[in-house]
There are 2 protein chains.
Amino acid sequence: MLATDLDRDLDTDVAATSPTVRAATVIPIHPVARADKTPQRASRCSTCAMRALCMPAELSAAELARLDAIICATRSVKRGDTLYRAGDAFHSIYAVRAGSFKTVVMHRDGREHVTGFQIAGEALGLDGVGAGQHSCDAIALEDSAVCIIPFAQLEVICREMKPMQHHIYQMMSSEIVRESSQMMLLGTMSAEQRVATFLLNLSRRFKARGFSAAEFHLRMTREEIGCYLGMKLETVSRMFSKFQRERLVDANGKTIRIVDAEGLARV
Amino acid sequence: MLATDLDRDLDTDVAATSPTVRAATVIPIHPVARADKTPQRASRCSTCAMRALCMPAELSAAELARLDAIICATRSVKRGDTLYRAGDAFHSIYAVRAGSFKTVVMHRDGREHVTGFQIAGEALGLDGVGAGQHSCDAIALEDSAVCIIPFAQLEVICREMKPMQHHIYQMMSSEIVRESSQMMLLGTMSAEQRVATFLLNLSRRFKARGFSAAEFHLRMTREEIGCYLGMKLETVSRMFSKFQRERLVDANGKTIRIVDAEGLARV
DNA sequence: CGGTTGTTTGAATCCGTTCAATACCTGTGG
DNA sequence: CCACAGGTATTGAACGGATTCAAACAACCG
């Protein structure tokens, strides 16, 4: 199951709004061996299906080999377990190899908010660079595996490889842009528009990974979706039902089929 | 007027939540000459009051001199004018030398949302790195001046100066964290809590720049505040009135005096 | 000074929440 | 295999916080 997620063509998609989408030819990796041990030696980066995310396109074979040597031990995280917690010392960033995560920020009064969902091929942990410690919890939504990228060593590499340096800046900047558009969603959109936007965004990301854009399986609960979109789980459910009645989507529990994407976008 | 803003001790404060606050000894710069011409040669970075923001603390005199040679032409922007617009090609990031800005993202349907306010000593333009073009408009709230930092040249410097490289990563990461906490605000807080949080945040930032934490002048309208906090201008106004009645703040148009900061935080 | 822009306040309305009841899964253990 | 439990999802009705609409006022600027 982990393997099927990986045997696909990927493209960089951390930046929801980035216009630069690279179509990378990627060598499918073998099924992830024993996802229950952590950490373990990964497949080499140079043959990883996620390469289009982790690395810029223009690297030479020699440069790729350098990366292989330094980064990409993997770690598997069981459903519900945390990859890191707010307050943990920051050492590494992560690329999701398989599965999916949510990032959760917590207010002192106990109130919590989901700041993002990350699926295979997306980055995690960039929040930790600034303060030297993570500012949120990263929790697996299903049994998942990540690639561990020690940041100090990455910095060294970035000083020597210009494309790599630029790539890290791009990843961080794209995350800033993604969050800006999420702020716009939270600040200006109705519940209906938020849910529609959420579904279309997920659809686009799945499509970019070679999965169906029309039909997919939600890994998160209604409550988690609500917490991400700034509304209660009941409201999320009502919006799904509404879209169902209007023949825009076909929502059956966690299985979603987008019937009329244009209609959804027009909401 | 520009000069008074600059003749202050500053500390790095891009990261709202960053625990690392450096107290920097800073040489006051002379009054900014003719702020009406753009662009113009700036005071040298090595004597700039904003140095604590633009640069890491550990730079040698020689390294500072290198920066002087390359970055820090300035540009002045009149109230209401844009520093850059969404879609503009990205070439530089900016440090606010004097005055203040808002950044605005626009949805295709015309709806707009204020993603942040930037005051003296804060950075602008980091959103542009990812896609090679800016993703929002940056608009001056008053006659302002920025320091122009060409990003391509900054990247070169960062490959040679480790502290500088790390500093840029920190700035971007801190912006990610700041936006996360703004998402939490938009997603989970009541109108009352949002306005209270907004005032306390501004207060903290002014204080860090040597201004009064208790009394300050808002540069933005109620509408802009509302657009930032995800509510209507009338609601912002009502909250100010409410805080007034409860003796938490003394709001007189754009002049704000925080009477009971603890009370505000408890809201 | 008049006109424009920004602010305050009230009353009616509406969208999303809250509370509550019911139904639906999914995995576990008898 | 079925029954059961616990979490998850759906739906209805009442409520409430924020918006909308409207009017009056204040501040600012040419």
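How do the residues of the surface near DNA strand C divide into nonpolar, polar and charged? In this predicted model, that surface comprises three nonpolar, six polar and seven charged residues.

**Stop 1: DNA strand C and its surroundings**

Select DNA strand C together with the 16 residues around it. Those that come nearest are Ala191(A), Thr235(A), Arg238(A), Arg222(B) and Ser241(B). If the display is then restricted to the atoms of DNA strand C within 4 Å of the protein, 62% of them belong to sugar or phosphate, and the rest to bases.

**Stop 2: Three individual contacts**

Centre the view on Ser241(B), where an N or O atom of the side chain is 2.3 Å from a phosphate oxygen of DNA strand C. Proceed to Ala191(A): here a backbone N or O atom lies 2.7 Å from a phosphate oxygen of DNA strand C. Next, select Arg238(A), which places a polar side-chain atom 2.8 Å from a base oxygen of DNA strand C. The elements that give two or more residues to this surface are α9 (233-245) of chain A and α9 (233-245) of chain B. Of the elements at this surface, α9(B) gives the most, with five residues.

**Stop 3: Helices α8 and α9 of chain A**

Remain in chain A and select α8 (residues 222-229) with α9(A). Their axes come within 8 Å and cross at roughly 100°; the two helices are therefore roughly perpendicular to each other. To view the contact, show Arg222(A), Glu223(A), Ile225(A) and Gly226(A) from α8(A), which meet Leu233(A), Val236(A) and Phe240(A) from α9(A). The residues of this contact divide into four nonpolar, one polar and two charged.

**Stop 4: The sheet of chain B**

Now turn to chain B and select β10, β12 and β11, which in that order form an open sheet of three strands with antiparallel pairing. The edge strands are β10 (215-217) and β11 (249-252), each pairing on one side only. Neighbouring strands are turned by 15° against each other on average, direction ignored. Between β10(B) and β12(B) (residues 255-258), three bridges join the antiparallel strands. To inspect this pairing, select His217(B), which stands opposite Thr255(B) in β12(B).

**Stop 5: Helices against the sheet**

Keep the sheet on display and add α9(B), which packs on it by touching β11 and β12 of chain B. The direction of α9(B) makes about 130° with that of β11(B). Finally, add helix α7 (residues 191-208) of chain B, which lies across β10, β11 and β12 of chain B and runs at about 95° to β10(B).

Definitions and conventions:
Residues numbered from 1 in each chain as written. Chains lettered and ligands numbered in written order. Predicted model: local features only at pLDDT ≥ 70, side-chain atom pairs only at ≥ 80, totals over all residues. Heavy atoms only, no water. Near = heavy atom within 4 Å. Polar contact = N/O pair within 3.5 Å; in protein donor to acceptor, adjacent residues only side chain to side chain. Helix = DSSP H or I, 4+ residues; strand = E, 2+ residues; numbered from the N terminus. Nonpolar A, V, L, I, M, F, W, Y, C, P; charged D, E, K, R; others polar. Pairing = 2+ DSSP bridges. Axes fitted to C-alpha atoms, helices over the stretch in contact; angles between N-to-C directions. Contact = heavy atoms within 4.5 Å. Parallel < 35°, antiparallel > 145°, perpendicular 65-115°, else oblique.
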